[in-house]
Number of protein chains: 2
Amino acid sequence: MADGRMPAAISGENLLFLTDEQLRQGIEAMFFAYRGFTADPDRILSNLAYGRAHHRAIHFINRAPGTTVNNLLNILGVTKQSLNRVLRTMIEDGLVESRVGKSDKRERHLYLTDAGRALEGQLSDAQRVRMRSAFRDAGPDAVAGFRTVLEAMMDTEMQRTYTRLKESGA
Amino acid sequence: MADGRMPAAISGENLLFLTDEQLRQGIEAMFFAYRGFTADPDRILSNLAYGRAHHRAIHFINRAPGTTVNNLLNILGVTKQSLNRVLRTMIEDGLVESRVGKSDKRERHLYLTDAGRALEGQLSDAQRVRMRSAFRDAGPDAVAGFRTVLEAMMDTEMQRTYTRLKESGA
DNA sequence: ACTTTAAGTCAGCCTTGTTGACATTCCAAG
DNA sequence: CTTGGAATGTCAACAAGGCTGACTTAAAGT
């Protein structure tokens, strides 16, 4: 198994990881792990006037500075009314800057201000501490498997979005 | 590496999977994958008068029939008022049955009715289809890694809850 | 000129989380 | 036997963050 090869006709024994019980454990692992995944930034945000929605917006603006509202909408998968609400508060609070597009003046390009970057760093650090600890405990092979399964779990459009972001950041 | 051993002083090369960029990709993978993870049951539920909270309750009642409200509270990590709201609607709608405890009559033990089990099966099937496909695409080694990382990402109390459930189901 | 697109806004609704206050019922310890 | 605490349930109020629908403005495309 170490070489990763798989016989053309997969034997019954190899399918034991696909039993309903195994799938259920995977489902429950996702549920509990996601709670841990969001717990640390949530704790920080609860002291401020922001929530998880702000965290997501701030994360992806930091990831792709100058992104348009429409692009962010596609990444986040919410309506523009929902996004606009969190965006407006963060612009008012001086965390996000909205600049009119040069070539297309209808578009607004979004950037984090210094204050925005500071908050982003605080939230990211908290989330990365847990992620780093989990990755270190699990080891590189487990991390590779983790990412493989997560990618396979995404919708096709999300896979493309994820890959595009991944490649832009490398 | 196949034997899983790790030198006492971990070399720099082995830590490449712990760079901030790798961690960020892991964080984004979790975000996008969780959306996929919940998408199918959410679609089914949107046609009914229920939401994700109902799905979670119904899942764990099915998993541990006869569980008390308090126990369910600990698993789900919400307040009793939140849980009570979804529980009440499902009891009214005849999906969940609440029986007074025998030894301790303060406790209510929760069971799914036939209708409840039918809905649970419908939701689980939808979620399992995606999970099975992701697991199959990724292969058994990746799945093992996936679960290792997820477990390491949980809070300690969630790990215990998760393990207890896992062992009760095996 | 007309249509489409990007963005923003207003109003209203739903789900799901939160606190706080309070009643009931029952077990168990003094 | 009484009383304190635990488990449950309920009411009220509120907030975050989703949603739809309708509409405006401005710019771009055709």
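**DNA strand C and the two largest pockets**

Reader: Which of the 24 residues around DNA strand C come nearest?

Author: The model is a predicted one. Sugar and phosphate make up 60% of the atoms of DNA strand C that come within 4 Å of the protein. Of the 24 residues around this strand, the nearest are Lys80(A), Arg52(B), Arg56(B), Ser82(B) and Arg85(B).

Reader: How far does a polar side-chain atom of Lys80(A) lie from a base oxygen of DNA strand C?

Author: Phosphate oxygens of DNA strand C also have partners: a backbone N or O atom of Thr79(B) at 2.7 Å, and a side-chain N or O atom of Asn84(A) at 3.2 Å. For Lys80(A), the partner is a base oxygen, and the distance is 2.2 Å.

Reader: Which element gives the largest share of the lining of the largest pocket?

Author: The volume of this pocket is about 500 Å³. Among its 23 lining residues, Tyr34(A), Arg52(A), Arg56(A), Tyr34(B) and Arg52(B) are closest to the centre. Helices H1 and H2 of chain A and of chain B each supply at least two residues of the lining. The largest share, 7 residues, comes from H1(B).

Reader: Which element gives the most to the lining of the second largest pocket?

Author: The second largest pocket has a volume of about 310 Å³. Its 16 lining residues include Val69(A), Asn70(A), Asn84(A), Arg106(A) and Arg108(A), the closest to its centre. H3, H4 and strand S3 (108-112) of chain A each supply at least two lining residues. With 6 residues, the element that gives the most is H4(A).

Key
Residues are numbered from 1 along each chain as its sequence is written. Chains are lettered from A and ligands numbered from 1 in the order in which they are written. This is a predicted model: local features need pLDDT of at least 70, side-chain atom pairs count only at pLDDT 80 or more; totals for chains, interfaces and linings use all residues. Side-chain values use heavy atoms; hydrogens and water are left out. A residue is near a molecule or strand if one of its heavy atoms lies within 4 Å of it. A polar contact is a pair of N or O atoms within 3.5 Å; within protein, one must be able to donate a hydrogen and the other to accept it, and residues adjacent in sequence count only if both atoms are side-chain atoms. On a 1 Å grid over the protein atoms alone, a cavity is a set of points where a 1.4 Å probe fits but cannot get out, and a pocket is an open set with protein on both sides within 12 Å along at least five of seven lines; lining residues have an atom within 4 Å of a point. Grid points are joined across faces, edges and corners, and a volume is the space filled by probe spheres set on the points. Helices (H or I, at least four residues) and strands (E, at least two) are DSSP runs, numbered from the N terminus.
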